[in-house]
Amino acid sequence: MAKLPVSLTINGDEHDLLIEPRKTLLAVLRDTIGLTGTKEGCSTGDCGACTVIVDGKAVTSCMVLAVTASGKEITTIEGLASDGELHPVQQAFINTGGYQCGFCTPGFIMASKALIDENPDRTEEEFRHALGGNICRCTGYTKILEAVLEAAEEIRTTA
Amino acid sequence: MKSFEFYEPTTLAEASRLFAEAHAQLLAGGTDLVIGMKALTETPESVISLQKIPGLTGITTEADNSISIGAMTKVREVEVSGDIQQHHTALAEGASEIGSIQIRNLATIGGNIAHASPAADTVAGLLVADAQVDIASANGERRVPIDELFTGPGQTVLRPGEIITRFRLPSPASGSHYIKHKIREVMDLAFIGVAAAVNLDNGTITDARIGLAAVAPTPIRATEAENLLNGNAPTPELLEQAGEAAAAGCSPISDLRCSAEHRREMVDVLTRRTLQHALERASA
């Protein structure tokens with residue numbers, strides 16, 4: 001089918017694009033815009049590596065047709081830092097070493113940011129459960145969870 | 001993914017006309033359809049998004065505590081809704097069992113039901129809520145009880161061009177509960193799903209409802225078990241009999257997830273257990 005006009009607001013910048021309806025949001029972010037921080041893992045919604053925030057909600061971008069994201073606000077890992085300052089969730093992942101190969105890290109950080117924005121007062125068990133849609137194949141979950149708890153604490157105390 | 005024509009109608013009538021064409025698929029949240037199109041198990045020639053049609057989202061509560069849920073309401077919204085948690089606990093619990101939060105932020109309750117998987121996690125909760133399903137097409141509207149919606153795996157009574165618009169939940173039971181039998185804490189499909197809802201009248205069970213998922217070609221009510229319970233006091237022996245009756249009334253299959261024998265045995269166990277939880281909530 002012919003390409004359709006799509007207007008995406010990505011990390012605050014508006015992009016007016018012509019997109020084939022079969023392209024996923026993930027493919028457009030990576031291949032059209034060149035924002036390769038968002039990762040493609042399983043591409044079936046199971047691993048969470050492609051997590052981005054759309055209108056405040058964490059979603060797996062491999063399951064979203066880009067044409068349906070027209071007019072929506074999209075935040076990717078590239079949009080978290082501001083004025084050279086890392087977002088507290090990013091900083092916490094560095095502080096705790098909450099990454100190994102790094103492939104799952106952007107998805108974990110975006111999912112964690114959305115969870116903390118929604119409710120930073122979750123218990124460790126609640127964060128663990130709520131991050132069940134993100135898989136780390138290096139299995140470094142202990143440090144990841146430490147990072148999320150540290151970031152939640154940081155955001156809670158500075159809010 | 002194969003190419004397709006993409007439509008974003010803004011009225012139900014237009015969506016229905018487009019959907020009545022051959023090789024057309026509806027797009028709700030996309031969590032089943034987009035994955036199916038990638039795997040080429042779905043190769044629609046046209047995809048009709050329901051996302052731009054007003055009036056299909058949201059949860060509203062009437063004065064008599066009856067609740068109406070728009071078909072395009074996100075599963076996550078059903079899960080966190082205070083009214084659903086309070087009055088239809090089994091449905092909120094079922095919603096919380098689907099995929100991950102990322103998926104529940106996309107998936108819709110209408111999609112979960114219209115996909116007609118016998119293992120859908122919201123279906124047992126809707127069964128015990130005695131939900132009515134509002135259906136619209138270019139030819140008009142009709143209403144079907146949820147236990148008459150399904151005809152087989154992936155099959156419903158929906159005719160070409162018909163679209164589920166809303167679920168209507170009449171006045172709630174005082175206690176309900178859902179148990180998903182699974183291996184993983186999240187991101188798993190149900191071996192079986194069991195929901196129970198009860199009212200208690202001076203220590204006597206009334207309006208017992210039991211909904212079973214993934215134990216038959218369609219989701220089913222365990223009506224024989226319900227009949228055993230109604231009008232009686234909840235004793236351990238009675239719950240045992242209800243579990244056995246529910247197990248006897250199902251027709252599970254063996255598949256790569258587990259055996260028919262295991263499913264049947266677990267219907268017995270989990271019917272008892274969901275009933276206990278529902279009864280505790282009803283007497284709280």
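What follows is a short tutorial dialogue on reading strands, helices and contacts in a predicted model.

Me: Let's begin with sheets. In what order do the strands β1, β2 and β3 of chain B lie, and is the pairing parallel or antiparallel?

Reply: A good habit is to read a sheet by strand order and then by direction. Here the open sheet of three strands runs β1-β3-β2 in chain B, with parallel pairing. Its edge strands are β1 (5-7) and β2 (24-27) of chain B, each of which pairs on one side only. From one strand to the next, the twist averages 20°.

Me: How many bridges hold β1(B) and β3(B), and which residue is the partner of Phe6(B)?

Reply: Strand β3 (residues 46-49) of chain B pairs with β1(B) over three bridges, in the parallel sense. Phe6(B) has Val47(B) in β3(B) as its bridge partner. Helix α1 (residues 12-19) of chain B lies across β1, β2 and β3 of chain B, and it runs at about 160° to β3(B).

Me: Which strands form the sheet that includes β11 of chain B?

Reply: Four strands make that open sheet, in the order β11-β12-β13-β14 of chain B, and the pairing is antiparallel. The edges are β11 (175-181) and β14 (220-221) of chain B, each pairing on one side only. Seven bridges join β11(B) to the antiparallel strand β12 (residues 192-201) of chain B. Within that pair, Lys180(B) stands opposite Gly193(B) in β12(B). Helix α11 (residues 260-283) of chain B packs on this sheet and touches β11, β12 and β13 (204-213) of chain B, with its direction at about 35° to that of β12(B).

Me: What joins β6(B) to β7(B), and is β7(B) buried or in the open?

Reply: For a strand pair, look at the connection first, then at burial. A hairpin joins β6(B) to β7(B) through two residues. Strand β6 (residues 132-137) of chain B pairs with β7(B) in the antiparallel sense over six bridges, and Ser137(B) has Gly140(B) as its bridge partner in β7(B). As for burial, β7 (residues 140-145) of chain B lies largely in the open, because zero of its six residues are buried.

Me: Now helices. At what angle do α2 and α3 of chain A cross, and which residues make the contact?

Reply: With two helices, read the axis separation, the angle and then the residues. The axes of α2 (residues 88-96) and α3 (residues 105-118) of chain A come within 9 Å and cross at roughly 130°. That angle makes α2(A) oblique to α3(A), and the crossing is right-handed. On α2(A) the contact residues are Val89(A), Gln90(A) and Phe93(A), and on α3(A) they are Thr105(A), Ile109(A), Ser112(A), Lys113(A) and Ile116(A). By class, this contact of α2(A) with α3(A) has four nonpolar, three polar and one charged residues.

Me: Where does Pro217(B) lie, and what does Pro217(B) touch?

Reply: A loop residue can be read by its place, its surroundings and its partners. Pro217(B) lies in the loop between β13 and β14 of chain B. It counts as partly exposed because it has 15 C-beta neighbours inside 10 Å. Not counting residues up to four places away in sequence, Pro217(B) touches Pro118(B), Gly152(B) and Pro153(B). Of these, Gly152(B) is 65 residues from Pro217(B) in sequence, yet 5.1 Å away in space, C-alpha to C-alpha.

Me: How many residues of chain A and chain B take part in the contact?

Reply: Chain A gives 25 residues and chain B gives 23 residues. On the side of chain A that touches chain B, β4 (57-60) and α4 (124-130) of chain A are the elements that give two or more residues. β4(A) gives the most to that side, with four residues. The residues on that side of chain A divide into 11 nonpolar, 11 polar and three charged.

Key. Residues numbered from 1 in each chain as written. Chains lettered and ligands numbered in written order. Predicted model: local features only at pLDDT ≥ 70, side-chain atom pairs only at ≥ 80, totals over all residues. Buried ≥ 20, exposed ≤ 12 C-beta atoms within 10 Å, placed from the backbone. Pairing = 2+ DSSP bridges. Contact = placed C-beta atoms within 7 Å. Axes fitted to C-alpha atoms, helices over the stretch in contact; angles between N-to-C directions. Parallel < 35°, antiparallel > 145°, perpendicular 65-115°, else oblique. Left-handed = near helix turned anticlockwise from the far one by under 90°. Nonpolar A, V, L, I, M, F, W, Y, C, P; charged D, E, K, R; others polar.
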